[in-house]
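Here's a set of exercises to work through with the model open beside you. Try each task before you read its solution.

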Amino acid sequence: MKLTNGKKNLVTGLVIAAAVMTAALVSAGIYAYVSVTTPMGGGKHLLYINEGTTRESLYAELASAYGSENARITDTMLKLRKRRPNRYPGCYLLDGETTPLQLFRLLTMGDESTVNYTFNNIRTKREFAEATAKYLNMPADTIAGLLGDTAVCRSLGFDTVSIISMFLPDTYQVFRSSSPQNFMERMKREYDAFWNDKRKGLAQNAGLTPYEVSILASIVEEETKIPDEMNRVAGLYINRLRRGMLLQADPTVKFAVGDFSLQRILNRHLETDSPYNTYKYPGLPPGPIRIPSKTALNAVLNYEENNYLYMCAREDFSGRHNFASSLGEHNRNAARYRNALNRLNIK
């Protein structure tokens, strides 16, 4: 059947229209694909997602950090797929290479990547915050802020001084995107697991609370890094506590002065007016002078029963100590150590 000229023109027009529409759809598809897979540019940005995050608040934050176009693309994907932006609360570290599609997947699928989070040999809150920030998607200032937040500490059963005892040096597998609150709650669960009924009973037998065990363990660990001495040192200090004697622990003086590098404690250091100076104030200091290891905590809980009241570093600088039950014996040990310091001109 032959087509009339009019019908030929109609068919030709439809073919052309279909081709144009197909081209338009392909172009739109290409544009959409490029839009969602093109890096957003800009610098690093820590995106906090919590229960209160809405599409509107997310849009505003993304627009400020990466421009309104990237914010619009992300918002459109959430809207089309009917996804809530706060389905997976956490901290997400974005950078210039993050694409809107990658961000959409983080928001709708979460970040399941985990990291082996390790910390040890830490003395101050700031050191802890900086060590933790290396593993998790949260800045050190955020972590330090939590440790100084009265309400946060109270919700976990601590105050801003005792909170440091909640952290037990070890290696933990944690989600990199853990929110600050979730991280703190995870550490509290680890703390509760450590302080089981058996350890609480050992603490009670020593006449100490779990927190006091942490304080004493921090002193013990500063006194000696040799594990087989820790129980003996712990027993010595428990003897002094029971007799009402000043602890006279040199590490507490270093903490009070603010200088752990001191190699020799002088009379002027002993006069430092601080509740952490156990040469001036009786009993335990108000808080730990470091985050004690589990080894040190267990050494206090399983302290050696002895008659020692004094200790002094050995004159061979081996890191070990000479222990004494009487002041006379201690003075002789101390004289040998002072002479060794003088020979090496250590001031």
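Some ground rules come before the tasks. Buried means under 20% relative accessible area, exposed means over 50%, and partly exposed is what falls in between (1.4 Å probe, protein chains only). This is a predicted model: local features need pLDDT of at least 70 and side-chain atom pairs count only at pLDDT 80 or more, while totals for chains, interfaces and linings use all residues. Residues are numbered from 1 along each chain as its sequence is written, and side-chain values use heavy atoms, with hydrogens and water left out.

**Exercise 1. Find what Asp170 pairs with, and work out which parts the pair ties together.**

Step 1: Look for a salt bridge, that is, a side-chain nitrogen of Lys or Arg within 4 Å of a carboxyl oxygen of Asp or Glu. The structure holds 14 of them. For Asp170 the partner is Lys294, with the closest N and O atoms 2.6 Å apart.

Step 2: Place both ends. Helices (H or I, at least four residues) and strands (E, at least two) are DSSP runs, numbered from the N terminus. Asp170 is in strand E4 (residues 170-175) and Lys294 in helix H14 (residues 294-301), so this bridge ties together parts 124 residues apart in sequence.

Step 3: Check the accessibility. Asp170 is partly exposed at 32%, and Lys294 is partly exposed at 25%.

**Exercise 2. Say what Arg232 does with its charged end: which acid does it bridge, and which ring does it sit over?**

Step 1: The acid is Glu304, and the closest N and O atoms of this salt bridge are 3.0 Å apart. Glu304 belongs to the loop between H14 and strand E5 (310-313), Arg232 to helix H11 (residues 227-243), so parts 72 residues apart in sequence are tied together.

Step 2: Both ends count as partly exposed, Glu304 at 25% relative accessibility and Arg232 at 31%.

Step 3: Now the ring. A charge sits over a ring if NZ of Lys or CZ of Arg is within 6 Å of the ring centre and within 35 degrees of the ring normal. The charged end of Arg232 sits over Phe323, 5.7 Å from the ring centre.

**Exercise 3. Which residues make up the salt-bridge network that includes Arg123, and which ring lies under the charged end of Arg123?**

Step 1: The network links Arg123, Glu221, Glu222 and Arg290.

Step 2: The ring belongs to Phe260, and its centre is 4.1 Å from the charged end of Arg123.

**Exercise 4. Is Ser218 buried or exposed, and what does its side chain reach?**

Step 1: Ser218 sits in helix H10 (residues 210-223). Its relative accessibility is 0%, which counts as buried.

Step 2: Look for a polar contact: a pair of N or O atoms within 3.5 Å, where, within protein, one must be able to donate a hydrogen and the other to accept it, and residues adjacent in sequence count only if both atoms are side-chain atoms. Here the Ser218 side chain reaches the backbone nitrogen of Ile289 at 3.1 Å.

Step 3: List the contacts (heavy atoms within 4.5 Å). Apart from neighbours within four places in sequence, Ser218 is in contact with Pro288, Ile289, Arg290 and Pro292.

**Exercise 5. Do the same for Asn70: what does its side chain reach?**

Step 1: Asn70 is part of helix H3 (residues 68-80) and is buried, at 12% relative accessible area.

Step 2: The side chain of Asn70 reaches the backbone oxygen of Met40 at 3.4 Å. Not counting residues up to four places away in sequence, Asn70 touches Met40 and Pro100.

**Exercise 6. Classify the ring pairs that Phe119 makes with Tyr117 and with Tyr172.**

Step 1: Set the rule. Rings of Phe, Tyr and Trp (its six-membered ring) pair if their centres lie within 6.5 Å; planes under 30 degrees apart count as stacked, over 60 as edge-to-face and the rest as tilted. That gives 14 aromatic pairs.

Step 2: Tyr117 and Phe119 are 5.4 Å apart centre to centre, with 35 degrees between the planes, and the pair is tilted.

Step 3: Phe119 and Tyr172 have centres 6.4 Å apart and planes at 25 degrees, so this pair is stacked. Phe119 is in strand E3 (residues 114-119) and Tyr172 in strand E4, so parts 53 residues apart in sequence are tied together.

Step 4: Phe119 and Tyr172 are both buried. Tyr117 is buried too, at 0%.
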